[in-house]
Amino acid sequence: MTTDTTTQTPEAAAAPPPGVSPARTRATHSHRRLLTRRDRITLALMAGVPTLLHVALVWVTAIASIFLAFTTWDGIGFDSIKWVGLDNFTQLFNDNPQFWPAVQHNVIWFVVLILIPTPLGLFLAVQLDKRIRFSRVYQTALFLPVVISMACIGFVWQLVYNPDTGLINSIIGANKPGHYIDWIGDPHLNLWAILIAASWRHTGYMMILYLAGLKSVDPSLREAAALDGANEWQTFKSVIFPTLRPTNTVVLVVTIIEALRAFDLVFVFNKGAQGTELLSILVTNNIIGESSRIGYGSAIAVVLLAISLAVIIPYLIATFRKERRA
Amino acid sequence: MSSTTLPLKRRAPIRPARIVLHVFLAGTALAWLAPLLWAVFSALRPYSETSTKGYVSWPDKLTFENFTNAYQQSDMLHYFGNTLLIAVPAVLLTLVLSSCVAFYVSRFDFRLNLALLLVFTAGNLLPQQVIITPLYRLYLLTNLPGITASGKLYDSALGLVLIHVAFQSGFCAFVLSNYMRSLPHELTEAALVDGASVWRLYWQITLPLCKPAMAALATLLSIWIYNDFFWALVLISTGQNMPITSALNNLSGQYFTDPNLVAAGSLLTAIPTLVVYFALQRQFVSGLTLGSSKG
């Protein structure tokens, strides 16, 4: 992804990897004895260099965030770092007018994505899976938004929502003074307007994940259901959907992470002003805004980290445990 | 695939249900393209015309003027160049490094394998904002006089390459290790017994077999890194150093009074990803589902 940020969607990787056979394990043990000293050094470098880079830039910084969240720092010299305990968090929870709305918006983001584009993507995938003509054309049209950058999507949708010149207001005649519907500026509307754009993109993504899941459904299951006289809905409900379980897990995790990562679209729309605050936006504003409060920004990041890990850890444990058992 | 090529299957007589389905899918597809088509339509009209006639109106003339203006006024070629300087090394390095890790964890039975893979996979799932504050400070503190133009990791292409590689290698290591695990073990075993070095096992035996997965990941990575907005927004301060996607944000600020020009500019930045997608559609989609379809 997002790049993901939001642009990033690497979470797609998931699902249980193929198992390790006992024969393989034995083979690898005998491998070890065959390794020369040089081989061992090569291997250490092959694993070490990427790990060092990844750990230094991703995990050390994540842990540094936790540490900095309990301090104040002006960022100039290391000696200006001062331990303040939970001060940043109490301020955040009690005095920041943007924090709770941001949490709420992140939750709304997730609820909307899981309730609208996800089932719609599943529905479209089921329809497209029916060996239908022009399937590729439909798929491409629906999937196109996933390929385009979130920033670009933001600009395209602004053309739709612009109060004066936008498509919607022009069509419904709300672009005259006194009749404005300010989709981007109105704090009661803008989050929903952005969520439509986000859902537009998410649907295609979900559709592709489900199409891949449907391809792996054993055709004999469908035949058996047909022989038993099940209609389309019954077949889907009792035969197809249960076999999509691994895909559903991936979809759930992807959607939660997307909701936590949401950033580009909002930033391009209105920089997270009134009505569209998100945790990611609050963190970023602390860096590129005028006031650089490092400890405070880190405290928000820690909240984001805690929510993310609450999703990531159980998911990975389940995924990797399956692999071990296999 | 049309059903006529499979004589044994249903011959698909024109059933009303199918027609309804086609109408529904065509309608949905069109609705999905509508915002993009609207952007194209706006971009093709001169500002002078839309400002007097309104945006929803029959066009007097359609021109590519906005596209050429956006291209020239914004020095777009320069920003495309910046993106290439970041994306090409980042994609290559990510593939090389993550395939090394994947080779290590999938072909050898060391105790730390699972933990290592967990670290990579989990790291890639974190939202970028979790790490940005310390990362930003780290980049400001890292002095590289003579190596980058800014003298620091901050505000340099190198800095962006490093964070892209670090972040994306999580996903690629996971996918590639799954892929390598599915390769028959006898291949490398025989070579090892014959005295081949570990490097040969990786470079000459394993990697060539991973070509399909590598191609899929390369496509995916190119599009993701090209589309990156966030890292460049925070870690690049000089407008001239920005890659195209975040440069667009500056441009739109400059030209926001002319939505047609902004439309043209944003569409131009989307063209490379669309070209890559249409040319390598199969790779792209298979890359996206490499992890999730394996069950």
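# A tour of the two chains, from aromatic rings to salt bridges

Across all chains of this predicted model, a search of the whole structure returns 34 aromatic pairs. Begin by selecting A:Phe70 and A:Trp83, whose ring centres lie 5.7 Å apart with planes at 20°, so this pair is stacked, given that planes under 30 degrees apart count as such. A:Phe70 belongs to the loop between helix H2 (37-68) and strand S3 (71-72) of chain A, while A:Trp83 sits in strand S4 (residues 82-83) of chain A, so the contact ties together parts that are 13 residues apart in sequence. With the accessible surface displayed, A:Phe70 counts as partly exposed at 21% relative accessibility, and A:Trp83 counts as exposed at 60%.

Keep both rings selected and add A:Phe67, A:Phe89, A:Phe93, A:Phe99 and A:Trp100, since ring pairs link these residues with A:Phe70 and A:Trp83 into a cluster.

**Charges over rings**

Select next A:Arg293 together with A:Tyr296: the arginine lies over the face of the tyrosine ring, at 4.1 Å from the ring centre. A second case involves both chains, and to see it one should select B:Arg137 and A:Trp73, where the arginine of chain B lies over the face of the tryptophan of chain A, at 6.0 Å from the ring centre.

**A nonpolar patch on chain A**

Now return to the surface of chain A and select A:Val107, A:Val111, A:Leu115 and A:Ile116, which form a nonpolar patch with about 360 Å² of accessible area together. Within this patch, A:Leu115 is found in helix H4 (residues 99-115) of chain A, and the residue is exposed, with a relative accessible area of 58%.

**Salt bridges**

How many salt bridges are there over all chains? The count comes to four, and three of them can be visited in turn.

For one of these, select A:Lys130 and A:Glu232, whose side chains meet at 2.7 Å, N to O. A:Lys130 lies in the loop between helix H5 (117-128) and helix H6 (135-147) of chain A, and A:Glu232 lies in helix H11 (residues 232-243) of chain A, so this salt bridge ties together parts that are 102 residues apart in sequence. A:Lys130 is partly exposed, with a relative accessible area of 23%, whereas A:Glu232 is exposed, with 54%.

Move then to A:Arg201 and A:Glu258, where the side chains meet in a salt bridge at 3.5 Å, N to O. Here the arginine lies in helix H9 (residues 190-215) of chain A and the glutamate in helix H12 (residues 245-261) of chain A, so the pair ties together parts that are 57 residues apart in sequence. Are these two residues buried or exposed? A:Arg201 counts as buried at 2% relative accessibility, and A:Glu258 is buried as well, with a relative accessible area of 7%.

In chain B, select B:Glu49 and B:Arg45, which form a salt bridge with an N to O distance of 2.7 Å. B:Glu49 is buried, with a relative accessible area of 8%, and B:Arg45 is buried too, with a relative accessible area of 1%.

**A contact between residues apart in sequence**

Back in chain A, select A:Ala273, which lies in the loop between helix H13 (264-270) and helix H14 (279-288) and is partly exposed, with a relative accessible area of 38%. Adding A:Pro187 to the selection shows two residues that are 86 residues apart in sequence and yet 8.5 Å apart in space, C-alpha to C-alpha.

**Zooming out to whole chains**

Finally, colour each chain by secondary structure. Chain A comes to 15 helices and four strands, and buried residues make up 57% of its 326 residues. The accessible surface of chain A comes to about 14100 Å², of which 65% belongs to carbon and sulfur atoms.

Chain B, by contrast, has 14 helices and zero strands. Of the 295 residues in chain B, 57% are buried. Oriented along its principal axes, the C-alpha trace of chain B spans about 80 × 70 × 30 Å, and its radius of gyration is 24 Å, where a compact globule of 295 residues would have a value near 19 Å.

Definitions and conventions. Residues are numbered from 1 along each chain as its sequence is written. Chains are lettered from A and ligands numbered from 1 in the order in which they are written. Side-chain values use heavy atoms; hydrogens and water are left out. Rings of Phe, Tyr and Trp (its six-membered ring) pair if their centres lie within 6.5 Å; planes under 30 degrees apart count as stacked, over 60 as edge-to-face and the rest as tilted. Helices (H or I, at least four residues) and strands (E, at least two) are DSSP runs, numbered from the N terminus. Buried means under 20% relative accessible area, exposed over 50%, partly exposed in between (1.4 Å probe, protein chains only). A charge sits over a ring if NZ of Lys or CZ of Arg is within 6 Å of the ring centre and within 35 degrees of the ring normal. Patches are made of residues with over 30% relative accessible area and no salt bridge: like charges are joined within 9 Å, nonpolar side chains (Val, Leu, Ile, Met, Phe, Trp, Tyr) within 5 Å. Accessible areas come from the Shrake-Rupley method with a 1.4 Å probe; for residues, only the protein chains shown count as cover. The radius of gyration is taken over C-alpha atoms; the globule rule is 2.2 Å times the number of residues to the power 0.38.
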